[in-house]
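Ready to find your way around a new structure? Here are a few short exercises, each with a worked solution.

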2 protein chains.
Amino acid sequence: MGWIDLDSRACSIARTLEIVGDRWTLLILRDVFNGVRRFADLQRHLGIARNVLTQRLTALVDAGILVRIPYREPGTRSRHEYEPTDRGHELLSVLLTIIAWGDRHLADASGPPVHVRHTACGADVRLVPVCEAGHAIKSASEVLIEPGPGARPARRSSSVSSQMD
Amino acid sequence: MGWIDLDSRACSIARTLEIVGDRWTLLILRDVFNGVRRFADLQRHLGIARNVLTQRLTALVDAGILVRIPYREPGTRSRHEYEPTDRGHELLSVLLTIIAWGDRHLADASGPPVHVRHTACGADVRLVPVCEAGHAIKSASEVLIEPGPGARPARRSSSVSSQMD
DNA sequence: CACCCTAGGTTCTTATTAGCAACTCAGCTG
DNA sequence: CAGCTGAGTTGCTAATAAGAACCTAGGGTG
C-alpha cells in the first residue's frame, strides 16, 4: 500500500483539532464572530453548560485565539468580554468551509440557514482552492497531501508498510 | 447589542459539527484521503480505540461521507475498505483550511508538517476567500455572517436582545 | 480435518469529559 | 446592609472514550 506512515500527532490537522476539535469550540467562535461576546450571552445562546463554557473560553484565551477585554457598562462594575485575536480571525476560513459544506449537503428544504457576505459589496463569499501557479482545483483527487519539512516518522512500532520511516 | 439570536442548532456549522465535530472524525478522514482505508491500518496509524473507530466509521458511512467497498486480496477472504464519496471528498476543503491555519500558527521550528500540492503542476494549494463579485477578502472583518432562507429564530426563552425574533 | 492466523469487529471495565444544579464572590442599587 | 447580577467554581451524575479481552469467518499448514 502506497501511503505514508507519519506521526499522526505531528500534523497541522491534529494540532489544530487539539484546540478546536470538539463539539463546542467552533460554535463558540461562530457566536463570537457574530458579536456574542459575553459569558452569559454565550451560555444562553448556545445552551452550553457553564463550567464547560468557562473551560473552553480559557482554553481559547490560552491558545491566543480570544482575548479578554475589560469593559464597563454604566452603573455596573467592570466586566470583560471575549474578542477574537488576529489568529482567531483567521479561523474564519475554517468556519466558511464548514458553512459551505453544511449548506450544500445538510440544508433542509427551506434553504441554507446562513449567508456569508462581503460587507463592502454585498456579494456572497466563497473559498476557492487554487494552486500557487493559478490553476483552479475542481476535485479533491487533483491534490496530494504530503509530508512537509516538519513531518516526523511515526513513533508507534507498527508492522505497517511505509515509505518514510 | 447588535447580534442576531438565531436557533443555534439550525445552522450549517452546528449540523456539520454533529458529524465531524469531535477529536477523531477529521483525523480519520485525513487518513482516508491519504489512502489509509482499512480498519486495522487506521487503528494502528491513529492509535484510536477499536470500538471508537468502529463507531466513527459507521457514523461516516451513515452520513454518506464514506462507503464500504468490498475487495479481495489474493489468498484471503473478501474484506472491505472505506472510500470517500463525493460529499466526503468535498470535506477536503475543510481539512485544507485547518491545515493552512495550523501551518501558520502551530508549526514548530522545523516548518509545516504537511504540504498540499496540486498533482498536475506540483504547486502548493491554498484556499482563497473571494466574493461572487470577484473581490479578494483580506480579513474576517470584511465579511458578515447573516441568516439565510433556512434560518429560524431561537426557541430558547431568553431575555437577550435580538433583531430577529 | 484440527489448529493457527488475520481483518474486522464486539463486549467488558475503567477513566475522562459533559451536563445540571447549587454555591460563591464582587460590586452596584435601593 | 439586603438583594440583584455577571461571571464564574464546586460537587454530583450521565454520557463518551480508552484499553484490553474475546469472537468470528475464511483461508493456509501439518
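The exercises below work through a predicted model.

**Exercise 1. Sketch the order of helices and strands in chain A.**

Solution. Start by counting: chain A has six helices and five strands. Now walk along from the N terminus, and you'll read α-α-α-α-β-β-α-α-β-β-β. To finish, check how much is tucked away: of the 165 residues in chain A, 47% are buried.

**Exercise 2. Work out where the largest nonpolar core lies with respect to the two domains of chain B.**

Solution. Begin with the members: the core holds 79 residues, and A:Ile28, A:Leu29, B:Ile28 and B:Leu29 touch the most other members. Next, look for the top contributor, which is helix 6 (residues 92-106) of chain B, with eight residues. Then bring in the domains: domain 1 (1-85) and domain 2 (91-141) of chain B both supply residues, so the core lies between them. For a close-up, pick A:Ile28: leaving out residues up to four places away in sequence, its contacts include A:Leu42, A:Ile48 and A:Arg56.

**Exercise 3. Find out how the protein meets DNA strand C.**

Solution. First, see who's around: 23 residues, of which A:Asn51, A:Arg72, A:Gly75, B:Arg79 and B:Tyr82 come nearest. On the DNA side, sugar and phosphate make up 65% of the strand C atoms within 4 Å of the protein. Now zoom in on single contacts. A:Asn51 has a polar side-chain atom 2.7 Å from a base nitrogen, while B:Tyr82 has one 2.7 Å from a phosphate oxygen. B:Phe39 uses a backbone N or O atom instead, 3.3 Å from a phosphate oxygen. Last, pick out the top element: helix 4 of chain A gives the most to the surface near strand C, with four residues.

Conventions
Residues are numbered from 1 along each chain as its sequence is written. Chains are lettered from A and ligands numbered from 1 in the order in which they are written. This is a predicted model: local features need pLDDT of at least 70, side-chain atom pairs count only at pLDDT 80 or more; totals for chains, interfaces and linings use all residues. Side-chain values use heavy atoms; hydrogens and water are left out. A nonpolar core is a set of buried Ala, Val, Leu, Ile, Met, Phe, Trp, Tyr and Cys residues joined through side-chain atoms within 4.5 Å. Buried means under 20% relative accessible area, exposed over 50%, partly exposed in between (1.4 Å probe, protein chains only). Helices (H or I, at least four residues) and strands (E, at least two) are DSSP runs, numbered from the N terminus. Domain bounds come from an automatic or database domain assignment. Contact means heavy atoms within 4.5 Å. A residue is near a molecule or strand if one of its heavy atoms lies within 4 Å of it. A polar contact is a pair of N or O atoms within 3.5 Å; within protein, one must be able to donate a hydrogen and the other to accept it, and residues adjacent in sequence count only if both atoms are side-chain atoms.
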